[in-house]
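The following exercises are to be worked through with the sequence and the structure in view. Each task sentence is followed by a solution in steps.

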Amino acid sequence: PDTNIVCFRWIAAPIDERDSVNVAVRESLYAEGRFLLSRTRLGGRIVLRAVLQNPLTTRQDLDDLLTAVRTAASSAGEQRGATVTAEWRPARRVSS
């Protein structure tokens, strides 16, 4: 079967906080137990990875994931005293 791996990164935080906010987002979602994201580095920066392999994944599932990411990022920013905004920009496309 095909595997779709989506790499993304929360960028609506101060540039020097972005890696730590993304790590905190992953840890928060893992602790919550609702979504399991992995992480890796692309271009020296930490990015989050979602593997979309379940054929029953719906648009609502993805919307819920993005909402959870926004919430976790806002919380991580507040804990660090940083302003984190809900801003999305597409990352560069990487294909094999």
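A pocket is an open set of grid points with protein on both sides within 12 Å along at least five of seven lines, and its lining residues have an atom within 4 Å of a point. The model under study is predicted.

**Exercise 1. Describe the lining of the second largest pocket: how many residues form it, and which of them lie nearest its centre?**

Step 1. The second largest pocket has a volume of about 270 Å³.

Step 2. Its lining consists of 13 residues; Phe-35, Val-51, Leu-52, Thr-57 and Leu-65 are those nearest the centre.

Step 3. Sorted by class, the lining comprises 8 nonpolar, 2 polar and 3 charged residues.

Step 4. At least two lining residues come from each of β3 (45-52) and α2 (59-80). The largest share, 4 residues, is supplied by α2.

**Exercise 2. Establish the order of the secondary-structure elements from the N terminus on.**

Step 1. Count the elements: the protein contains 2 helices and 3 strands.

Step 2. Read along the chain from the N terminus: the order is β-α-β-β-α.

**Exercise 3. Determine how the strands pair, and in which sense β1 and β2 each run against β3.**

Step 1. Begin with β1, residues 4-8, which pairs with β3 in the antiparallel sense over 5 bridges. Within this pairing, Phe-8 has Leu-48 of β3 as its bridge partner.

Step 2. Turn to β2, residues 38-42, which also pairs with β3 in the antiparallel sense, over 5 bridges. Here Ser-38 lies opposite Arg-49 of β3, and Arg-39 lies opposite Leu-48 of β3.

Step 3. Combine the two pairings at one position: Leu-48 of β3 is the bridge partner of Phe-8 and stands opposite Arg-39.

Step 4. Examine the connection between β2 and β3. This hairpin has 2 residues between the strands, and Gly-43 adopts a positive phi near 60° there.

Step 5. When following side chains along the strands, recall that in a regular strand they alternate between the two faces of the sheet.

**Exercise 4. Characterise the burial, the contacts and the exposed area of the protein as a whole.**

Step 1. Of the 96 residues in the protein, 30% are buried, with under 20% relative accessible area as the cut-off.

Step 2. Among contacts with a separation of 6 or more, 64% are between residues 24 or more positions apart.

Step 3. The exposed area is about 6700 Å², and carbon and sulfur atoms supply 49% of it.

Key: Residues numbered from 1 in each chain as written. Predicted model: local features only at pLDDT ≥ 70, side-chain atom pairs only at ≥ 80, totals over all residues. Heavy atoms only, no water. Buried < 20%, exposed > 50% of the residue type's maximum accessible area, 1.4 Å probe, protein only. Contact = heavy atoms within 4.5 Å. Areas by Shrake-Rupley, 256 points an atom, 1.4 Å probe, with all protein chains shown as cover. 1 Å grid on protein atoms, 1.4 Å probe; cavity = no way out; pocket = protein on both sides within 12 Å on 5 of 7 lines; lining within 4 Å. Points joined across faces, edges and corners; volume = space filled by probe spheres on them. Nonpolar A, V, L, I, M, F, W, Y, C, P; charged D, E, K, R; others polar. Pairing = 2+ DSSP bridges.
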